[in-house]
Amino acid sequence: MTLIEPAADRQSTALAPDLRSLPDRAARAWTERMAVHPRADSTYAVTTESDSTYLVDIAQHACSCPDNRIRGEHCKHLRRVAIEITARRVAPPGKQRAVCDACGTVTFVAVDMGTPHLCGNCRLEIGDIVRDCETDDSLVVTAVTDTSADAWTIEATDETVADYDTNDGYPPDDLVVLATYLSDAVSATEPREYAFPLSRLRRVEDAELVDGGCP
């Protein structure tokens, strides 16, 4: 698990494409040096070049600056928060930035989400139908662990998931996913679970409509 602490990833920077054709407030939102720090709920603290800090609430479309509070303008601070969320530089409300435990890309995860932290491409949920890239079998996910394949020992063989012969070529630091074969999940009272490296499995939206194997 690698959460990205906001203080460790935020610096005052300028986002400065050529925006001379935009209205003044929009251009300043892009070009001025500001630091945006997520706070509770839908609020963000925006520190400007002059070291003034204003509280932006994007859910209420409100800012504590005089331009918004007194003059009712859509100020540069509100605009900057929207820019940074859209650019994925800061997390939207209810989310926090994290490094995907599977592929290492920066992603957003729910604030109260437990481990592992996975991006949309890697994320599997309990109950998902997946296809085994080695055998083309359909399975049902029963658990997504935060243990790597080289640290998970298969009791029946006393070897790790990474060392298991059919898992040769998959990253040894892949997270282990537990799954049961779809046929067993339907027919067996206590279907047996099997451990797989995450990248060996591919989620399918509807197993009955998918007729191809994994790439």
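Two rings of Phe, Tyr or Trp count as a pair if their centres lie within 6.5 Å, and planes over 60 degrees apart make that pair edge-to-face.

**Entry 1, aromatic pair.** I worked from a predicted model, and I looked first for aromatic pairs, of which the structure holds 1. The partners are Y181 and Y194, whose ring centres I found 5.2 Å apart with 70° between the planes, so the arrangement is edge-to-face by the cut-off of over 60 degrees. I then checked where the two rings sit in the chain: Y181 belongs to strand β12 (residues 175–181) and Y194 to strand β13 (residues 194–197), and the pair links distant parts of the chain, 13 residues apart.

**Entry 2, accessibility of the two rings.** Are Y181 and Y194 buried or exposed? I noted 22% relative accessibility for Y181, which therefore counts as partly exposed, and a relative accessible area of 27% for Y194, which is also partly exposed.

**Entry 3, the sheet.** I next traced an open sheet of 4 strands, which has the order β2-β3-β4-β5 and antiparallel pairing. The edges are formed by β2 (35–38) and β5 (62–63), and because each has a single partner strand, one side of each is left without a neighbour in the sheet. Turning to the β5 edge, I saw that 2 bridges join it, in antiparallel fashion, to strand β4 (residues 53–57), and that D57 has A62 in β5 as its bridge partner.

**Entry 4, the helix on the sheet.** Which helix packs on this sheet? I identified helix α4 (residues 76–86), which touches β2, β3 (43–47), β4 and β5, and I recorded that the direction of α4 makes about 65° with that of β4.

Note on methods. Residues numbered from 1 in each chain as written. Predicted model: local features only at pLDDT ≥ 70, side-chain atom pairs only at ≥ 80, totals over all residues. Heavy atoms only, no water. Pairing = 2+ DSSP bridges. Contact = heavy atoms within 4.5 Å. Axes fitted to C-alpha atoms, helices over the stretch in contact; angles between N-to-C directions. Phe/Tyr/Trp six-rings, centres within 6.5 Å; stacked < 30°, edge-to-face > 60°. Buried < 20%, exposed > 50% of the residue type's maximum accessible area, 1.4 Å probe, protein only.
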